[in-house]
Amino acid sequence: MALLALPASNAGSDIQLDWLELRAFFDEYSNARLDELTGGRRTLEEEQAEDIGEFDQGDDAFRADIEDELNNRKTALGPAYPFDLSQDGEEVVMITQADTVGACFYLLCLIASHITDSPILNAPPDGEILARFRNRIYQIMGTLAVAGRVNGPSVSVGYPRQTKETILDVLRRAERWGLGLTPREKPGKHAQPRAKDGGIDVIGWSPGYREPPFTIVFAQLASGNNWVGKPASVEYDNFMNDFFEDRGTNQHSFVTLIPFRITDELKWRRESSIHKHICDRCSAPRHAFDGFSLSATGTNMDEVENVGVLTAWIAEYRAFALAA
């Protein structure tokens, strides 16, 4: 079985480009030729089209759509986008090594987008590799992404935690770092006795010259296809009542980080009205890159020391997939 299945000829340019990016990621020379896609289309469509000129026009439009999508990603993500077109426009090339900060956040999102029900990836992460992605890898990336999004500190609340801290231990550390909210001495009387993270994965805040911070962001990290039903706002009231003495200035907002590329404008608008702010694959990797860069200024944030875990996971998954 081939590692990658060619996308359907009528698949959107986002899926076509995903195929080229994955092809370059797995390729020994980090290249993927567009004619690998157009050749398959030609074989299929030449059987149906009597006018070769008509096919060539369609082929030009097909390539232009892929180039437009690549430029959209490149513009949105800047140094966090590890691919580009070759000078002759015939290849998608991975221009940044997979074991670097400039590549790992995007590659994680690209791979995660095709874990379940992928039309193109035949060897998605599985077993222990997948469990580690769900339990740790995406949490590391998401914590950095929230820090980059708010341009300030962030703490990792989601379970399982690398440390043995309780939720209140994490929130007390956040208070010391300038969160501007006072955690309870013990969970509120209505808190679930065995609550592990209270439904909130990451908290980040934009600091000013003194407390309270300008805004506090409560984040949900949703790596699966069921992300639509996981807005952080649903858990917010219970989380605040269970673990905090007060709500400060109440300038609180919500974000959901997902690895997917959302091209459906109607879906984007509809879900944004529920989730309030969504970071998809065209923003989350750049925020994580910015968060990592921000850590060099001395800004407090969890998980920054674990970026090497991300690049190691990518290398392990690539070896797994190539051997499958």
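# Legends to close-up views of a predicted model

**K276 is exposed in the loop between α8 (265-275) and β8 (278-279).** K276 counts as exposed because its relative accessibility is 52%; exposed means over 50% relative accessible area, buried under 20% and partly exposed in between, with a 1.4 Å probe and protein chains only. The structure is a predicted model, in which local features need pLDDT of at least 70 and side-chain atom pairs count only at pLDDT 80 or more, whereas totals for chains, interfaces and linings use all residues. Residues are numbered from 1 along each chain as its sequence is written, and side-chain values use heavy atoms, with hydrogens and water left out. The phi angle of K276 is near 80 degrees, a positive value in a residue other than glycine. Most residues other than glycine have a negative phi, and most peptide bonds are trans.

**E303 is a buried residue with a positive phi.** Its place is in the loop between α9 and α10 (307-323). Phi of E303 is near 75 degrees, and E303 is not a glycine. E303 counts as buried because its relative accessibility is 5%.

**Two proline residues, P160 and P212, follow cis peptide bonds.** The bond that joins Y159 and P160 is cis, with omega at about 5 degrees. P160 belongs to the loop between β4 (154-156) and α6 (167-176). In the second case, the cis bond runs from E211 to P212, and omega is near 0 degrees. P212 is located in the loop between β5 (202-206) and β6 (215-221).

**Helix α9 spans residues 284-295 and includes H287.** From the first C-alpha to the last, the twelve residues of α9 reach 17 Å, close to the 16 Å expected at 1.5 Å a residue; the expected span of a helix is 1.5 Å times one less than its number of residues. The buried residues of α9 include A284, P285, F289 and L294. H287 is also buried, with a relative accessible area of 15%. Leaving aside neighbours within four places in sequence, H287 is in contact (heavy atoms within 4.5 Å) with L144, A145, G148, R149 and C279.

**Helix α1, residues 13-26, is mostly covered.** Twelve of the 14 residues of α1 are buried. Among them are the aromatic residues W19, F25 and F26, as well as the charged residues D14, D18 and E21. The helix reaches 20 Å from its first C-alpha to its last, close to the 20 Å expected at 1.5 Å a residue.

**The setting of these views is a protein with ten helices and eight strands.** Helices (H or I, at least four residues) and strands (E, at least two) are DSSP runs, numbered from the N terminus. The radius of gyration is 22 Å, which agrees with the value near 20 Å that a compact globule of 324 residues would have; the radius is taken over C-alpha atoms, and the globule rule is 2.2 Å times the number of residues to the power 0.38. Along the principal axes, the C-alpha atoms fill a box of roughly 75 × 40 × 35 Å. Buried residues make up 51% of the 324 residues. Among contacts between residues at least 6 apart in sequence, 68% join residues at least 24 apart.
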